[in-house]
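Biologist: I am new to this structure and would be grateful for a guided reading of it. May I put some questions to you?

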Amino acid sequence: MSMIGKKVEEFTAQAYRNGEFIEVSEKNLIGNWSILCFYPADFTFVCPTELEDLQEQYHELKSLGVDVFSCSTDTHFTHKAWHDTSEAIGKINYTMIGDPSHHISRIFDVLDEEQGLAQRGTFIIDPDGIVQAMEINADGIGRDASTLIDKIKAAQYVRTYPGEVCPAKWKESGETLKPSFDLVGKI
């Protein structure tokens, strides 16, 4: 079931961020653009490479007005332990949400029920709390966080300029399209 166009449902969870335990809810995903990045588990193999890569894009994402969250079915305590012991994860400045109840993973339909782990799902959420983009990868396929920059810019552009759309490989300042009767069959 696609989450595109759906509003984020209510949730409350514990998280780890910058040496502190905090509480987060769906309200944290409203008011700004947000990226919510699910991953299977702490202390694994592909996951730290993805989360470190996401951190490498963090400052540019923040400059675009984007809040970044990662989430796994581990606890916030496990996130802290991982942050304290892994060189890659120790670099992370964004919020790491714990979802041991699997509630958030079920909301976003990324829970592998058999394993009790979240799949590799990435969601771009607009300031109204509506999912605008999503990607879900198999466990063995790591994501490239740099692709989120262009997706965010495209989503922000389309929101700012209703009636225009961004074609494939669109880059900021690139040409957009204005769907109309006259454009049908001309691309």
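The exchange below concerns aromatic pairs and two helices in this model, which is predicted.

Biologist: How are the planes of the rings of Phe-38 and Phe-108 arranged: stacked, edge-to-face or tilted?
Modeller: The ring centres of Phe-38 and Phe-108 lie 5.4 Å apart, and the planes meet at 50 degrees. Planes under 30 degrees apart count as stacked and those over 60 as edge-to-face. An angle of 50 degrees satisfies neither condition, so the pair of Phe-38 and Phe-108 is tilted.

Biologist: How many residues apart are Phe-38 and Phe-108 in the chain?
Modeller: Phe-38 belongs to strand β3, which covers residues 33–38. Phe-108 sits in the loop between α3 (103–107) and β6 (111–112). The pair therefore links distant parts of the chain, and its separation is 70 residues.

Biologist: Which residue of the aromatic pair Tyr-157 and Trp-170 is buried?
Modeller: These two rings form a tilted pair, 5.5 Å from centre to centre with 50 degrees between the planes. Tyr-157 lies in helix α4 (residues 147–160), and Trp-170 lies in the segment after α4. Buried requires a relative accessible area under 20%. Tyr-157, at 21%, is partly exposed, whereas the 9% of Trp-170 meets the cut-off, so the buried residue is Trp-170.

Biologist: What span is expected for α4 at 1.5 Å a residue?
Modeller: Helix α4 has 14 residues. The expected span is 1.5 Å times one less than the number of residues. From its first C-alpha to its last, α4 reaches 20 Å, which is close to the expected 20 Å.

Biologist: Against which elements do the buried residues of α4 pack?
Modeller: The buried residues of α4 include Leu-148, Ile-149 and Ile-152. Lys-153 and Gln-156 are also among them. The elements against which the buried residues of α4 pack are β3, α1 (46–63), β4 (66–72) and β8 (120–125).

Biologist: On which residue is the kink in α1 centred?
Modeller: Helix α1 has 18 residues and reaches 27 Å from its first C-alpha to its last, close to the 26 Å expected. The helix nevertheless contains a kink of about 45 degrees. The residue at its centre, which is also among the buried residues of α1, is Gln-57.

Biologist: Which residue with a positive phi follows α1?
Modeller: The cover over the buried residues of α1 includes β3, β4, α2 (76–85), β5 (95–98), β8 and α4. After α1 comes a residue whose phi is near 80 degrees, namely Gly-65.

Methods
Residues are numbered from 1 along each chain as its sequence is written. This is a predicted model: local features need pLDDT of at least 70, side-chain atom pairs count only at pLDDT 80 or more; totals for chains, interfaces and linings use all residues. Side-chain values use heavy atoms; hydrogens and water are left out. Rings of Phe, Tyr and Trp (its six-membered ring) pair if their centres lie within 6.5 Å; planes under 30 degrees apart count as stacked, over 60 as edge-to-face and the rest as tilted. Helices (H or I, at least four residues) and strands (E, at least two) are DSSP runs, numbered from the N terminus. Buried means under 20% relative accessible area, exposed over 50%, partly exposed in between (1.4 Å probe, protein chains only). Contact means heavy atoms within 4.5 Å. The bend at a residue is the angle between axes fitted to the seven residues ending there and the seven starting there.
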